[in-house]
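Open the model in your viewer and show it as a cartoon. The stops below go from the whole chain to pairs of helices, then to single residues.

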Amino acid sequence: IMLYKQVPQETLEIFTDLYNQALSEFKADDHKACEMIGVNGVHTDPSTAALVVVTNAMMNLDEVVTKN
């Protein structure tokens with residue numbers, strides 16, 4: 001949706017790997033998940049924190065930053 005086009009398979013695999021790596025790190029340290037999300041509440045869990053990491057990476061893609 002952010003790019004208004006289909007994400008190439010290679011890029012999708014990079015984001016999937018990033019999510020899995022972040023998820024693993026956040027599962028190992030719950031405090032990191034809280035720091036990433038910014039609050040300690042019902043949504044403070046490793047999977048949400050990992051999604052925040054991936055979303056931040058997606059928002060920094062050149063295609064998103066320079067889109068008309």
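Axes here are lines fitted to C-alpha atoms, for helices over the stretch in contact, and the angle between two of them runs from 0 to 180 degrees between N-to-C directions. Keep that in mind for the helix pairs on this tour. The model is a predicted one.

**Stop 1: the whole chain**

Colour by secondary structure. The chain has four helices and zero strands, and its elements follow the order α-α-α-α from the N terminus on. Of the 68 residues in the chain, 21% are buried. Among contacts with a separation of 6 or more, 50% link residues 24 or more positions apart.

**Stop 2: H1 and H2**

Select H1, which is residues 9-28, and H2, which is residues 30-37. The axes of H1 and H2 are 5 Å apart and make an angle of about 120°. Show side chains where the two helices touch: H1 brings Glu-25, Phe-26, Lys-27 and Ala-28, and H2 brings Asp-30, Lys-32, Ala-33 and Met-36. Sorted by class, the contact of H1 with H2 has four nonpolar and four charged residues, and no polar ones.

**Stop 3: H1 and H3**

Keep H1 and add H3, residues 46-59. How far apart are the axes of H1 and H3? They lie 8 Å apart, and the packing angle is about 140°. H1 therefore counts as oblique to H3. The crossing of H1 and H3 is right-handed. On the H1 side, select Phe-15, Leu-18, Tyr-19, Ala-22, Leu-23, Phe-26 and Lys-27. On the H3 side, select Pro-46, Ser-47, Ala-49, Ala-50, Leu-51, Val-53, Val-54, Ala-57 and Met-58. Colour this selection by class: the contact of H1 with H3 is made of 14 nonpolar residues, one polar and one charged.

**Stop 4: H2 and H3**

Hide H1 and bring back H2 beside H3. The axes of H2 and H3 come within 9 Å and cross at roughly 50°, so H2 is oblique to H3. Which hand does the crossing of H2 and H3 have? The crossing of H2 and H3 is left-handed. From H2, pick Asp-30, Ala-33, Met-36 and Ile-37; these meet Pro-46, Thr-48, Ala-49, Val-52, Val-53 and Asn-56 of H3. The contact of H2 with H3 divides into seven nonpolar residues, two polar and one charged.

**Stop 5: the core**

Show all three helices again and clear the side chains. Which residues make up the largest nonpolar core? Select Ala-22, Leu-23, Phe-26, Ala-33, Ala-49, Ala-50 and Val-53, the seven residues of this core. H1 and H3 each supply at least two residues of it. Now centre on Ala-49. Apart from neighbours within four places in sequence, Ala-49 is in contact with Phe-26, Ala-33, Met-36 and Ile-37.

**Stop 6: single residues along H1 and H3**

Go to Leu-51, which sits in H3. Is Leu-51 buried, partly exposed or exposed? Its relative accessibility is 48%, so Leu-51 counts as partly exposed. Draw a line from its C-alpha to that of Leu-23: the distance is 8.4 Å, with the two positions 28 residues apart in sequence terms.

Move to Thr-16 in H1. Thr-16 has a relative accessible area of 38%, which means that it is partly exposed. The C-alpha atoms of Thr-16 and Val-54 are separated by 8.4 Å, while the two residues are 38 residues apart along the chain.

Finish at Thr-11, also placed in H1. Thr-11 is partly exposed because its relative accessibility is 23%, and buried would require a value under 20%. Draw a last line from Thr-11 to Met-58: their C-alpha atoms are 9.9 Å apart, and the residues are 47 apart along the chain.

Key
Residues are numbered from 1 along each chain as its sequence is written. This is a predicted model: local features need pLDDT of at least 70, side-chain atom pairs count only at pLDDT 80 or more; totals for chains, interfaces and linings use all residues. Side-chain values use heavy atoms; hydrogens and water are left out. A nonpolar core is a set of buried Ala, Val, Leu, Ile, Met, Phe, Trp, Tyr and Cys residues joined through side-chain atoms within 4.5 Å. Buried means under 20% relative accessible area, exposed over 50%, partly exposed in between (1.4 Å probe, protein chains only). Contact means heavy atoms within 4.5 Å. Angles under 35 degrees count as roughly parallel, over 145 as roughly antiparallel, 65 to 115 as roughly perpendicular and the rest as oblique. A crossing is left-handed if the near helix is turned anticlockwise from the far one by less than a right angle, and right-handed if clockwise. Ala, Val, Leu, Ile, Met, Phe, Trp, Tyr, Cys and Pro count as nonpolar, Asp, Glu, Lys and Arg as charged, and the others, Gly among them, as polar.
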